Amino acid sequence: MSRPAGNPSYAAELGAAKKAVALAARLCQTVQQEIVQSDIQSKADKTPVTVADYGSQVLVSVVLNMEVTSGSFSMVAEEDSEDLRKDGAEEILERITDLVNKTLAEDGSYNLLLSKEAILSAIDTGKSEGGPSGRHWVLDPIDGTKGFVRGGQYAIALALLDEGRVVLGVLGCPNLPFTSVSNLSGSSSGNQTGALFSAAIGCGAEVQSLDGSPPQKISVCTIDNPANASFFESYEGAHSMRDFTGCVAEKLGVQAPPVRIDSQAKYGALARGDGAIYWRFPHEGYRETVWDHAAGSIVVTEAGGVVKDASGNDLDFSKGRYLDRDTGIIATNKQLMPSVLKSVQEAIKEKKQASSPL
Ligand SMILES: Nc1ncnc2c1ncn2[C@@H]1O[C@H](COP(=O)(O)O)[C@@H](O)[C@H]1OP(=O)(O)O
Ligand SMILES: [Mg+2]
Ligand SMILES: [Mg+2]
Ligand SMILES: [Mg+2]
């Protein structure tokens with residue numbers, strides 16, 4: 001896809017976003033290496049959050065504010081400071097403050113020492129509602145917190161919305177093999193780990209190492225026969241209906257077993273052709289948020305792929321903090337999308353018939 005004439009290139013914003021994600025990834029790596037029980041808290045919705053989720057959100061906010069000085073700043077991000085302001089949270093706030101200040105000092109780009117109050121305010125810069133007008137950063141400071149805590153895959157996912165559409169995305173995946181997820185099992189131990197995926201609208205998608213190797217262009221695979229396709233899905237069984245996806249895979253004629261990975265790392269792996277399909281069918285009632293798909297979806301579309309909901313519609317990121325979409329999300333290449341959608345729609349119809357009373 002070429003960039004329409006007159007469109008901004010977003011080069012400065014992309015540079016800032018990469019810097020923000022790489023710095024946040026450093027903090028996350030430090031925490032994951034030596035995570036202790038007190039680093040992990042449970043949110044009101046019973047999902048986990050760690051000092052690294054908060055620290056990552058602070059660092060991204062700080063770097064973006066330092067690097068992008070034009071225009072007003074708006075960010076839609078997953079975490080907020082409410083739980084950290086409660087009695088009993090002093091220790092965890094202290095730990096986050098130390099982690100952030102240490103990471104900033106080691107990096108050395110900014111001469112900053114944040115107070116606890118500044119940490120809380122930086123977290124709350126992510127409270128924007130987003131929407132169809134203006135520019136909004138969209139951040140998941142750790143996508144796949146369960147994977148992060150388990151020592152598995154996770155991603156720092158940052159995107160920019162401009163007038164309701166995603167115009168750039170960066171995915172930091174510190175535990176993803178640099179070359180291919182076929183190395184996930186650790187069979188080739190000498191392989192470099194960590195990948196930074198990025199894309200700007202009309203400019204293609206790239207990958208580089210987290211410590212700043214030169215970026216290289218990536219593209220989705222060219223497989224057109226579903227029998228040769230492999231698919232990614234959530235590692236966590238509760239995040240996607242596996243009996244349903246098993247049924248879709250059978251209809252499609254997919255023969256390879258699913259590759260299960262936590263987080264938006266799946267979008268990155270798909271974008272460089274490690275697999276052919278990523279699908280996600282959450283249980284009824286689960287509302288998808290924009291930060292879980294904004295960065296990943298532009299990395300895939302700029303790598304030549306397509307991302308749709310189960311009805312074949314594009315994802316709409318302009319509706320606020322939640323994603324407006326019909327059942328399920330599918331990402332694959334242009335060749336496979338029609339047959340994947342057909343199988344998904346057939347499987348949905350059968351599921352409805354099976355559950356409706358005679
Ligand atoms: N019940 C749920 N169903 C679907 N997704 C969920 C559920 N609970 C949390 N998530 C989100 O699913 C994503 C995990 O990715 P995946 O399932 O692809 O591995 C994360 O965005 C996670 O949020 P979080 O960012 O808090 O980890
Ligand atoms: Mg979470
Ligand atoms: Mg998430
Ligand atoms: Mg998260």
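The dialogue below walks through the metal sites and some selected residues of a predicted model.

Colleague: Before looking at any single residue, I would like to know which residues UniProt lists under "binding site".

Modeller: A record is a reasonable place to begin, provided that we say where the statement comes from. In the unreviewed UniProt entry, the residues given for "binding site" are Glu78, Asp140, Ile142, Asp143 and Asp292. They are spread over 215 residues of sequence, yet they cluster in space, since the largest C-alpha distance is 9.8 Å. The lining of the largest pocket includes Glu78, Asp140, Ile142, Asp143 and Asp292.

Colleague: Where is Glu78 found, and is Glu78 buried, partly exposed or exposed?

Modeller: We first place a residue among the helices and strands, and then ask how much of its area is accessible. Glu78 is found in the loop between strand E3, residues 75–77, and helix H3, residues 90–107. Its relative accessibility is 22%, and because buried means under 20% and exposed over 50%, Glu78 counts as partly exposed.

Colleague: Which residues does Glu78 touch, if residues up to four places away in sequence are not counted?

Modeller: Setting those neighbours aside shows us the contacts that the fold brings about by other routes than the chain itself. Glu78 touches Lys43, Gln57, Leu139, Asp140, Pro141, Ile142, Trp291 and Arg321. With one of these, Lys43, there is also a polar contact of 3.0 Å between the two side chains.

Colleague: How should I read Asp140 in the same manner, and in which strand does Asp140 lie?

Modeller: Asp140 lies in strand E4, which covers residues 135–143. Its relative accessible area is 1%, so Asp140 is buried. Apart from neighbours within four places in sequence, Asp140 is in contact with Glu78, Ala155, Ile156, Ala157, Trp291 and Asp292. In addition, a polar atom of the Asp140 side chain lies 3.5 Å from the backbone nitrogen of Asp143.

Colleague: Turning to the metals, which are the protein donors of the magnesium ion (ligand 4)?

Modeller: For a metal, we list the protein atoms that serve as donors, and then look at where they sit along the chain. The magnesium ion (ligand 4) has as its protein donors Glu78 (OE), Asp140 (OD) and Ile142 (O), which lie 2.0 to 2.2 Å from it. Along the chain, these donors follow the spacing E-x61-D-x1-I. Distant parts of the chain are linked here, with Glu78 in the loop between E3 and H3 and Asp140 in strand E4, 62 residues apart. Glu78 also coordinates the magnesium ion (ligand 2), and the two ions, ligand 4 and ligand 2, are 3.5 Å apart.

Colleague: Which residues coordinate the magnesium ion (ligand 3), and how many ångströms separate this ion from the magnesium ion (ligand 2)?

Modeller: The magnesium ion (ligand 3) is coordinated by Asp140 (OD), Asp143 (OD) and Asp292 (OD), at 1.9 to 2.2 Å. The spacing of these donors along the chain is D-x2-D-x148-D, and the magnesium ion (ligand 3) is separated from the magnesium ion (ligand 2) by 5.4 Å. Asp140 lies in strand E4, whereas Asp292 lies in the loop between strand E12 (277–280) and helix H8 (294–302), so the pair ties together parts that are 152 residues apart in sequence. Both of these residues, Asp140 and Asp292, are buried.

Colleague: Which side chains does Thr289 join by polar contacts?

Modeller: Thr289 has its place in the loop between E12 and H8, and at 8% relative accessibility it counts as buried. Its side chain is joined to that of Trp291 by a polar contact of 3.2 Å, and to that of Asp292 by one of 2.9 Å. Beyond its neighbours within four places in sequence, Thr289 is in contact with Arg321, Tyr322 and Leu323.

Colleague: Finally, how many residues surround ligand 1, and which are the closest?

Modeller: For a ligand, we ask which residues surround it and then look at individual atoms. Ligand 1 is surrounded by 17 residues, the closest being Asp143, His239, Lys266, Arg280 and Asp292. An oxygen atom of ligand 1 lies 3.0 Å from an N or O atom in the side chain of Glu78. On the backbone side, an oxygen atom of ligand 1 is 2.9 Å from a polar backbone atom of Gly144, and an oxygen atom of ligand 1 is 2.9 Å from a polar backbone atom of Thr145.

Definitions and conventions
Residues are numbered from 1 along each chain as its sequence is written. Chains are lettered from A and ligands numbered from 1 in the order in which they are written. This is a predicted model: local features need pLDDT of at least 70, side-chain atom pairs count only at pLDDT 80 or more; totals for chains, interfaces and linings use all residues. Side-chain values use heavy atoms; hydrogens and water are left out. UniProt positions are given in the numbering used here, feature names are shortened, and annotations may be inferred rather than shown by experiment. On a 1 Å grid over the protein atoms alone, a cavity is a set of points where a 1.4 Å probe fits but cannot get out, and a pocket is an open set with protein on both sides within 12 Å along at least five of seven lines; lining residues have an atom within 4 Å of a point. Helices (H or I, at least four residues) and strands (E, at least two) are DSSP runs, numbered from the N terminus. Buried means under 20% relative accessible area, exposed over 50%, partly exposed in between (1.4 Å probe, protein chains only). Contact means heavy atoms within 4.5 Å. A polar contact is a pair of N or O atoms within 3.5 Å; within protein, one must be able to donate a hydrogen and the other to accept it, and residues adjacent in sequence count only if both atoms are side-chain atoms. Donors are N, O and S atoms within 2.8 Å of the metal (3.2 Å for Na, K and Ca); water is not among the atoms, so sites may look incomplete. A residue is near a molecule or strand if one of its heavy atoms lies within 4 Å of it.
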